Structures are given as structure tokens and as C-alpha cells.
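Visitor: I have a chain on my screen and would like to learn how to read it. Could you walk me through it, feature by feature?

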Amino acid sequence: YDDFNYARFTKSFYELKGDLKGALEGVLYFTRSQWHAWQGTYTSCFFMSCMPAVWGTDKYVYGLWFVLAVLLLGIFCLTKVLLCDVLKCRDNWSCLVVQSVLAAMVVVFIHVPKEGLFWYNAAVHYTAMHGFGMLLIAGLIKLVYVKGKIKTILLITGSLFGAVLVGGVNNVTALQVGLVILSIIGFGLLFKKKRVLLLIPTAICYGVALYKNIGAPGNAKRMVHYVNMKTNPVEAILRSFQCAFTQFDDFTGWKTVAVLIMLLPVIYYIVTKVEFEFRYPGLILLWSICLYATGFTPTLYTMGHIMLGRANNVARITFQILLLVNMFYWMGWLFQYLKKKEKALSLKSTWSFYALMVMIMVGIFALEPNKIGEYSSYAAYYFVHSGEAYNYYHEYLERVEICESDEKNVVVRPFNYKPWILCPGDLSENADHETNIFMAQYFGKDSITCIAEEQEE
């Protein structure tokens, strides 16, 4: 019900002014007030207050398309830059295969589909913002390798804007992107690439934006609610590595292993065709482990646990990307090492290999006891096919119709259908519960109470 809370000013300003300019005023008003009162993530607040249902209940699905568009664009751009600009791979079809497989793996294996894709507020705050973070990183890497003054100027301008944008997102993404920016500069200097100095203005701009995010007055007020839960920074960092280890199996599983094995021939083909020197693979692995662990640090610091599904979604996305990066790097290093030793390494793929891998993946799927929780695509299919999503949607439309009536104190019925992938929860019998208050404010009611029909009698 944060959807209603974050979009209530957008809706009221839009209804008052009757145009998009009025809606934008509501968005900016909420973003500014939230920065002072609750949280400093100004970019996330901006997009969260643009909840599509403001323009009609049937428009809510546009939020899913927006999240997917930003996420997939980030994955495709980052992967293309790494393969085509860093490795200098010229086989576009092989690059497309890697891009598509990684994108499918991220979306289908997303840790908590409800919070990662279908619930607008949570999905746009974490998943979409992570997509923006990947776009910024892709632009900065491109800047290191691009040639031409006009392209350089455009990339610097775009990266400065991206730094302001990404500096105001969720703490997990903001921390990881900041560390990656510093890493690009550090690795660039290590390998004597002077063009990484062009990233310094963006790094400074990002630091200022991140400071505005973390140092917002609202964060101090918010932390009062978590004062008994938060841990000190050193403990949070140390526990992050422990959590990274304990979540490793949950973030991979046999299905991820099978996908990566199926990619091995493509990865081998690419690394044998490029001239990139795969030096210091151990350093890349150590860096990857540290970056992966930072996906848990902000949540541990603020809340003392890692049970926040939406934060784990982006931690898993980073983990999946790092898995692929390390597979490329270690495969490339092994190939070049054996080549120097005049030993051959051959991984030729055949149709029988791919047929076998498909059979194995089908077997893994068939043996999975929790298909709904492990495969977002199957979960979507299941709840549509069973009719539960349809029934939930029509119950929700009935509730909206009641809330849009002229009554100032309304009573609604609890949902009979609550598909796990779509329903974040229900209203309370207590009209003073925060979820009830949020929805009442959104629809301009004095109160909204959720009471079962038999209780009312």
C-alpha cells in the first residue's frame, strides 16, 4: 500500500489541476517533502510517486513494462559495452546470445517476483533503479574506450546527468554503483588508461548526489524507527560477507548452473577470438566477492537483517552479472595460459550438447518443489491459468468502485483471492492502521475499514 502513500499527492494535484503539469507539481512536492520527512532517495521518490494507476486503475500494468524496459535496457547496454568495447568482440550474434541469456536469467530467476516486478512501488525503487545504475556504468565504461570529441562530450554530459539520477536511488544500488565507479578509475590507472581521468567529474558529481541522498534530514527521522534494529558499520560490513556466503546457494541453484554450462561454448568462442589480456583473475574474483557482499551491507546497517526481498532482488542481479563476468575472465585466462604452454583447450558445441542441456534444465524444473517461488514466468502463468489473478483483479476493481463513491467513511470486504505474486497484503479492520490511512488519503476519504461480511453482521 506504499503505492497509495507515495502517489497520493500526485493524484490530488492531478485532480485539482486536471493536467500533467499539475501531476508533476504533485510529484515534485512529494519528493521534496519526503526528502525532509522520511527518506533521501529523491530519484526513487520521484518515480514512486508517478504510480501509473493515478491516470486510471487499468494503467497500473504500465509500471511493469517500465520496470522491465529499464532493467533490460541496462542489462543489454552493460553487456554490450563489456563485450564489444572492453573485450573488442566483433561477433554480434554471440554478443546477442549472451545478452539474451543473462536478461532471461535475471528476469525469470528474480529472487522475489512480487517485489521485483509486479508491485510498482518496490519494483521501481529497487529493480528499475538498478537498471539506471547499469546504464550509468555502461556509459562510463564506454567513455573510457570511445573515440571522437563529440561522442566524448556527449558521454560526459550524459554521465553527469546519470550521476545525479543514480545518486538518489536505493542504498544498495547507490553503494554498489559508487564502488564500481571508483573501481573503473582504479583499474584504469592500474592498466595505464589515462582516459579514466575523464570519469573524475562524474565521480565527484556522484559523491555530491550520494551525500544529498544519505545526508537527507528525513533519513535521520526515519532511523528513529529502526534505532533498536540497526548495527554499527563495521559489524554490518563483516556480516555482509557471512550473508554473501549463506545466500550463495539460494542465489544460484542447479538451474543457474545449468544455464551457465550451456553458455560455456559461446564464452569460449568469444575469448578465443579477442586480443584482451585476461590478467590477474584472482584480483577480479576478490573484487567480485567484495562487490557482491555490499548488496547486503545497507540493509544490515539500517535494519539488522537481510529479509527485505526487494533489496535481495538487486543483490542477486549484481551476483548474476558478476558470475558471468568471472566466467569470461577465468575462461579467457585459462585459454591464454594454456596457449602459452602450447596446450590446447577445446570446447566445441554440438546440437547434441544443447539438446542434453535442455533435457537437464527440463528435469531441474520438473523436480523443483517450489516452481512458483523459483520461476517468475511460471508463477505468472500459474496465477493467470488458475483464474486467481483474474478474480483478485475484479475484487480489487470492486474495492476501487466503493472507494470512489461519495461516502466519506467506507467499508470494504477482505480479498478472497490473494495471489502471492500480485497481492502485497490486505487492509486492516482498524481504520487507523497505516495501510488504511494511506488508501483513505489517496481516495480522499475520512476512513476506510476492511471488515468481513460475517463480522459486520
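**Reading the chain, from surface to pocket**

Guide: Let's start with the outside: the chain exposes about 22,900 Å², and carbon and sulfur atoms supply 65% of that area. Such accessible areas come from the Shrake-Rupley method with a 1.4 Å probe, and for residues only the protein chains shown count as cover. Keep in mind that this is a predicted model, where local features need pLDDT of at least 70 and side-chain atom pairs count only at pLDDT 80 or more, while totals for chains, interfaces and linings use all residues. Residues are numbered from 1 along each chain as its sequence is written, and side-chain values use heavy atoms, with hydrogens and water left out.

Visitor: How many helices and strands does the chain have?

Guide: Helices (H or I, at least four residues) and strands (E, at least two) are DSSP runs, numbered from the N terminus. Here you get 23 helices and 2 strands.

Visitor: What radius of gyration does the chain have, and what would a compact globule have?

Guide: The radius is taken over C-alpha atoms, and the globule rule is 2.2 Å times the number of residues to the power 0.38. For 457 residues that rule gives a value near 23 Å, and the chain's 24 Å agrees with it. Along its principal axes, the C-alpha trace spans about 85 × 50 × 45 Å.

Visitor: What share of the residues count as buried?

Guide: Buried means under 20% relative accessible area, exposed means over 50%, and partly exposed is in between (1.4 Å probe, protein chains only). In this chain, 50% of the 457 residues count as buried.

Visitor: And what do contacts say about how the chain folds back on itself?

Guide: A contact means heavy atoms within 4.5 Å. Take the contacts between residues at least 6 apart in sequence: 77% of them join residues at least 24 apart.

Visitor: Let's try one residue. Is Leu71 buried or exposed?

Guide: Leu71, in helix α4, is buried, because its relative accessible area is 0%. Leaving out residues up to four places away in sequence, Leu71 touches Val106, Val107, Thr127, Gly131, Met134 and Ile317.

Visitor: Now a charged side chain. Where does Arg316 lie, and which residues does it contact beyond its sequence neighbours?

Guide: Arg316 lies in helix α17, and it counts as buried because its relative accessible area is 3%. Apart from neighbours within four places in sequence, Arg316 is in contact with Phe109, Ile110, His111, Asp250, Phe251, Thr252, Lys255 and Thr256. Also, Arg316 and Gln247 are 69 residues apart in sequence, yet 9.1 Å apart in space, C-alpha to C-alpha.

Visitor: Which other residues make good practice?

Guide: Try Ser94 in helix α5, which counts as buried because its relative accessibility is 9%. Beyond four places in sequence, Ser94 contacts Val266, Tyr269 and Ile270. Then look at Tyr268 in helix α14 (residues 253–273): at 12% relative accessibility, Tyr268 is buried too. Its C-alpha is 7.4 Å from that of Gly332, with the two positions 64 residues apart in sequence numbering.

Visitor: What about backbone angles? Which phi does Lys88 have?

Guide: Lys88 has a positive phi of about 65°, although it is not a glycine. You'll find Lys88 in the loop between α4 and α5, partly exposed at 39% relative accessible area. Lys192 is another non-glycine with a positive phi, about 60°. Lys192 sits in the loop between α9 and α10 (200–214) and counts as exposed, at 75% relative accessibility.

Visitor: Which residues does Tyr145 touch?

Guide: Setting aside residues up to four places away in sequence, Tyr145 touches Asp85, Val86, Lys88 and Lys193. Tyr145 belongs to helix α7 and is partly exposed, at 21%.

Visitor: Last one: how do I read a pocket?

Guide: On a 1 Å grid over the protein atoms alone, a pocket is an open set of points where a 1.4 Å probe fits, with protein on both sides within 12 Å along at least five of seven lines; lining residues have an atom within 4 Å of a point. Grid points are joined across faces, edges and corners, and the volume is the space filled by probe spheres set on them. The second largest pocket holds about 1,200 Å³. Of its 41 lining residues, the closest to the centre are Leu82, Val86, Ile141, Ile284 and Val325. Elements giving two or more residues to this lining include α4 (62–86), α7 (120–145) and α17 (309–340).
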